[in-house]
Amino acid sequence: QAPTEGTGTSEFGTLRDELARIWAELFDVADDFQDDQNLFEVGGTSLTAVRLRARIVSEFGVDIPLGDIYAGGSIAELLPIIEAGLLAADGSTVLSTTSTG
């Protein structure tokens, strides 16, 4: 199923809910985590980060650099990256959010 055009508030909320579901499954946490908690703060490891990236690619079709997950690694930080990736499927360009200097 192709992504829908536009990303309204309700769609962004759905994206957050889906990412939160993945997060809860991977990190074996209930809904009591905060969107700004880094994956390492909730018990994640580098292997969990790789699994998170794989799930994002699988479920959203967005290929996030692993460095972005290490640098941000929270739902709040990953949502705009995923949303930008979904928009990129419509022809926009997505740049990595990690600094190289």
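I began with contact range in this predicted model. Of the contacts in the protein chain with a separation of 6 or more, 57% are between residues 24 or more positions apart.

Next I looked up the secondary structure. I found four helices and zero strands in the protein chain. The order from the N terminus is α-α-α-α.

Then I checked burial and surface. The chain has 101 residues, and 32% of them are buried. About 6000 Å² is exposed, with carbon and sulfur atoms supplying 49% of that area.

I turned to the salt bridges and counted eight. One of them joins Arg-16 to Asp-35, with 2.6 Å between the closest N and O atoms. This pair links distant parts of the chain, 19 residues apart. Arg-16 sits in helix H1 (residues 9-27), while Asp-35 lies in the loop between H1 and helix H2 (46-60). Buried or exposed? Arg-16 is partly exposed, because its relative accessibility is 24% and the buried class ends at 20%. Asp-35 is also partly exposed, at 26%.

I followed Arg-21 next. Its closest N–O distance to Glu-18 is 2.8 Å, in a salt bridge. Arg-21 also forms a salt bridge with Glu-25, at 3.2 Å. Where do these partners sit relative to Arg-21? Glu-18 is three residues away in helix H1, so about one helical turn separates the two. Glu-25 is four residues from Arg-21 in H1, again about one helical turn.

I noted accessibility for this trio. Arg-21 is partly exposed at 29%, Glu-18 is partly exposed at 30%, and Glu-25 is partly exposed at 45%.

Last, I traced the network. Salt bridges link Glu-18, Arg-21, Glu-25, Arg-55 and Glu-59.

How values were computed:
Residues are numbered from 1 along each chain as its sequence is written. This is a predicted model: local features need pLDDT of at least 70, side-chain atom pairs count only at pLDDT 80 or more; totals for chains, interfaces and linings use all residues. Side-chain values use heavy atoms; hydrogens and water are left out. Buried means under 20% relative accessible area, exposed over 50%, partly exposed in between (1.4 Å probe, protein chains only). Contact means heavy atoms within 4.5 Å. Accessible areas come from the Shrake-Rupley method with a 1.4 Å probe; for residues, only the protein chains shown count as cover. A salt bridge is a side-chain nitrogen of Lys or Arg within 4 Å of a carboxyl oxygen of Asp or Glu.
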